[in-house]
2 protein chains.
Amino acid sequence: MDADPDLFKAIGDATRRTILDELIDRDGQTLFEICGRLTMKHGLASSRQAISQHLAVLEQAGLVHTRRQGRYKFHHIDTSPLRSIVERWPIDREAPNP
Amino acid sequence: MDADPDLFKAIGDATRRTILDELIDRDGQTLFEICGRLTMKHGLASSRQAISQHLAVLEQAGLVHTRRQGRYKFHHIDTSPLRSIVERWPIDREAPNP
DNA sequence: GTTATAGGCAAGTCTCCACTTGCCTGTCAA
DNA sequence: TTGACAGGCAAGTGGAGACTTGCCTATAAC
């Protein structure tokens, strides 16, 4: 029961959800890119360390994968862990397949 | 942005997720029924007040609807709010429709 | 009526976690 | 080699929330 508490913890924070939105908009950003765009587009004045810790939580939940390249670290979103949510509590489909 | 923080808060707690599991298994339970089954089947020794507060959070998130009948209050699960999650961050479908 | 049952309300405690602060490591350009 | 840039580590702080405690209301059985 409850195999992945990290997943629910990850999406439980509003800032982390905004980070996921940002990675949906542009995948493969670095930490500084995410910081800048969160400040500009979303008005979030979060520090670099805060965002870094958020990304670590997202990575531990499997929602973000990282790729190192020189002194840059690119972050890629992976939404597949979310599948377990709708598999655990199936959504009654009201919109039938056309 | 982030229209429903109550939803993520609701599924962010392990006990509340177990309550949803229990309502999936048997819908329309009362508070005391849920307390009993959580203790028996899931080994959770939570007090009645704790479960009551959890149900209030679930109801505020729209995941649980209640129906009063005499001195009983029946709780019904509604998984449709979960749809917003997969709509917000679409899941790359690997299993094609047969 | 009296008692038991099903549930609600409110204040207090305590733990977890988001965020900060300060310093350190590693990579690239000059 | 020196500096700037990208990122990491660790201890400390503050606030949100899970849970308890105690008492109260309402419905039903006796």
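This passage describes how two protein chains and two DNA strands are arranged in a predicted model.

The model is predicted, and local features were accepted only at pLDDT of at least 70, side-chain atom pairs only at pLDDT 80 or more, whereas totals for chains, interfaces and linings use all residues. Residues are numbered from 1 along each chain as its sequence is written, chains are lettered from A and ligands numbered from 1 in the order in which they are written, and side-chain values use heavy atoms, with hydrogens and water left out.

Two copies of a chain are related by a rotation about an axis and a shift along it. Here a turn of 180° with a shift of 0.0 Å along the axis lays chain A on chain B with an RMSD of 0.0 Å, the superposition being by least squares on the C-alpha atoms of residues with pLDDT of at least 70 in both copies. This is the relation of a two-fold axis. Within chain A, the C-alpha nearest the axis belongs to Gly12(A), at 2.9 Å from it. Both copies use the same surface, in that 100% of the contact residues of chain A recur in chain B, where contact denotes heavy atoms within 4.5 Å.

DNA strand C is surrounded by 20 residues, of which Arg16(A), Ser47(A), His54(A), Phe32(B) and Lys73(B) are the closest; a residue is taken as near a strand if one of its heavy atoms lies within 4 Å of it. Helices H2 (14-25) and H4 (48-60) of chain A, together with helix H3 (31-42), helix H4 (48-60) and strand S2 (72-77) of chain B, each supply at least two residues of this surface, and H4(A) gives the most, with 4 residues. Helices (H or I, at least four residues) and strands (E, at least two) are DSSP runs, numbered from the N terminus. Of the atoms of DNA strand C within 4 Å of the protein, 61% belong to sugar or phosphate and the rest to bases. A polar backbone atom of Leu31(B) lies 3.4 Å from a phosphate oxygen of DNA strand C, while an N or O atom in the side chain of Arg71(B) lies 3.2 Å from a base oxygen of that strand.

DNA strand D is likewise surrounded by 20 residues, the closest being Phe32(A), Lys73(A), Arg16(B), Ser47(B) and His54(B). Sugar and phosphate account for 62% of the atoms of DNA strand D that come within 4 Å of the protein. A polar side-chain atom of His54(B) is placed 2.3 Å from a phosphate oxygen of DNA strand D, and the side chain of Arg71(B) has an N or O atom 3.5 Å from a base oxygen of DNA strand D.

Within chain B, helix H2(B) has 12 residues and reaches 17 Å from its first C-alpha to its last, close to the 16 Å expected at 1.5 Å a residue, the expected span being 1.5 Å times one less than the number of residues. At the N-terminal end of H2(B), Asp13(B) acts as a cap, with a side-chain oxygen 2.9 Å from the backbone nitrogen of Thr15(B). Glu22(B), which is placed in H2 of chain B, is buried, with a relative accessible area of 1%; buried means under 20% relative accessible area (1.4 Å probe, protein chains only). Not counting residues up to four places away in sequence, Glu22(B) touches Gln29(B), Arg37(B), Lys41(B) and His42(B).

Methods:
A polar contact is a pair of N or O atoms within 3.5 Å; within protein, one must be able to donate a hydrogen and the other to accept it, and residues adjacent in sequence count only if both atoms are side-chain atoms. Buried means under 20% relative accessible area, exposed over 50%, partly exposed in between (1.4 Å probe, protein chains only).
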